[in-house]
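The following exercises introduce a protein structure step by step. Each task is followed by a worked solution.

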Amino acid sequence: MAAIEVRGLRKVYGEVAAVDGIDLTVQEGEVVALLGPNGAGKTTTVEILEGYRARDGGTVSVLGHDPGSGGRAFREHIGVVLQEAGFEDSFTPRELLRLHAGYYPHPRPVADVITLTGLEEKADARVRTLSGGQRRRLDLALGIVGDPDVLFLDEPTTGFDPSARRRAWQLVEGLRDLGATILLTTHYLDEAEHLADRVVVIDHGRVLAEGTPDELAAAAGAATVISFRLPTGLEPDDLPPLGLERRVAGSVVEVRTETPTADVAALATWALGRGQELEALTLMRPRLEDVYLDLVGEAGRNGTEPDPDPGSGSGSGSGSADSADPADPAVPLTRTGARTEARS
Ligand SMILES: Nc1ncnc2c1ncn2[C@@H]1O[C@H](COP(=O)(O)OP(=O)(O)OP(=O)(O)O)[C@@H](O)[C@H]1O
């Protein structure tokens, strides 16, 4: 069953169609990554699904609710990690988590959430003393404390150090194993490749492509590459017929193939038959990055590469007129601390 169903979604800012007819389905228990260059419309889309922005057209259903009017029954079942959150920074993470947990019918134990997000050392420190990455972990902690059925993660690991990122990935995988439905945006293509069952690439507010990373690669005609060093004394012409295309640079041979298993077997049989070890033998699957860059252009949308550190990304909508006005004031937001402050 679909947890999220979006048809013909539109959002216009003046002359700009930030979202221009997006269709999106996320099945229950699925992890879907929204990819696209800065300004593609990812945050706008996600914030409409979260109920933080009004739409100008189309239909949206999240767990059977219209987020625009879902109210408390809707908010109790979703978790949100916004691109830019703010906190009342005289609180501690433990205090904020307790406060947020109180708004949900079946919250996770606060101590578990602190451990899961690696916040043990800072659990009782004032939020103002947390580093950027530690604040982002707190965002994540606040997003999961309500044990949501659907979790929205907008660039969840931006600013994380490599081990924190790995840990966040394990956390997302754990949530998925427990049946959560997750929609995330990210500029880290390895993150999408690692976490997502399916990726949806958008630009200019429209879907350019969607599928599993492998499906996208196949549709783009990307092939696996077998690479090895030709044994001394042997020539490229001595090789058996392999793959679609062969490139030789010095003694290094690269073979593009759509049948890597058969070609590796043929190559291994050939080498072993000659008593040779193939040095530097590697098999490189098509990478999402190649397919992505093909789709959105090497230079990204505005003549710049997709921002690898999009903390300062354009148009996040934070602070915009219609970006943080939830339908139901009874349940707190994880942004700006406004709701939290009001309740504290
Ligand atoms: N509140 C707003 N007012 C005016 N324009 C906006 C607003 N929010 C977003 N936009 C515009 O809508 C478009 C889509 O922005 P959005 O933030 O959804 O992109 P994004 O894909 O999330 O980008 P990024 O990767 O930089 O976060 C951009 O052109 C942006 O400038």
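**Exercise 1: Two helices in contact**

In this predicted model, Pro93, Leu96, Leu97 and His100 of helix 3 meet Leu138, Ala141 and Leu142 of helix 5. Classify the residues of the contact between helix 3 and helix 5 as nonpolar, polar or charged, and determine how helix 3 and helix 5 are oriented to each other.

*Solution.* Step 1. Sorted by class, this contact comprises six nonpolar residues, one polar residue and no charged residues.

Step 2. Helix 3 spans residues 93-101 and helix 5 spans residues 132-144; their axes lie 9 Å apart and form an angle of about 20°.

Step 3. Angles under 35 degrees count as roughly parallel. Helix 3 and helix 5 are therefore roughly parallel to each other.

Step 4. The crossing of helix 3 past helix 5 is right-handed.

**Exercise 2: An open sheet**

State the order of the strands in the open sheet of four strands, and identify which strands stand at its edges.

*Solution.* Step 1. The order is 11-12-10-13, and the pairing is antiparallel.

Step 2. Strand 11 (245-249) and strand 13 (279-284) each have a single partner strand, so one side of each lacks a neighbour in the sheet; these two stand at the edges.

Step 3. From one strand to the next, the twist averages 10°.

Step 4. Strand 10, residues 224-229, pairs with strand 13 in the antiparallel sense over four bridges. Isoleucine 226 has leucine 283 in strand 13 as its bridge partner.

Step 5. Helix 9 (residues 260-273) lies across strand 10, strand 12 (252-257) and strand 13, and runs at about 15° to strand 10.

**Exercise 3: The surroundings of one tryptophan**

Decide whether tryptophan 169 is buried, partly exposed or exposed, and name the residues that it touches.

*Solution.* Step 1. Tryptophan 169 belongs to helix 6, which covers residues 162-177.

Step 2. A residue is buried if 20 or more other C-beta atoms lie within 10 Å of its own, and exposed if 12 or fewer do. Tryptophan 169 has 17 C-beta neighbours inside 10 Å, and therefore counts as partly exposed.

Step 3. Leaving aside residues up to four places away in sequence, tryptophan 169 touches His194 and Leu195.

**Exercise 4: The chain as a whole**

How many helices and strands does the protein chain have, and what percentage of its residues is buried?

*Solution.* Step 1. The secondary structure comes to 11 helices and 13 strands.

Step 2. Of the 344 residues in the protein chain, 41% are buried.

Step 3. Among contacts with a separation of 6 or more, 71% are between residues 24 or more positions apart.

Conventions
Residues numbered from 1 in each chain as written. Predicted model: local features only at pLDDT ≥ 70, side-chain atom pairs only at ≥ 80, totals over all residues. Axes fitted to C-alpha atoms, helices over the stretch in contact; angles between N-to-C directions. Parallel < 35°, antiparallel > 145°, perpendicular 65-115°, else oblique. Left-handed = near helix turned anticlockwise from the far one by under 90°. Contact = placed C-beta atoms within 7 Å. Nonpolar A, V, L, I, M, F, W, Y, C, P; charged D, E, K, R; others polar. Pairing = 2+ DSSP bridges.
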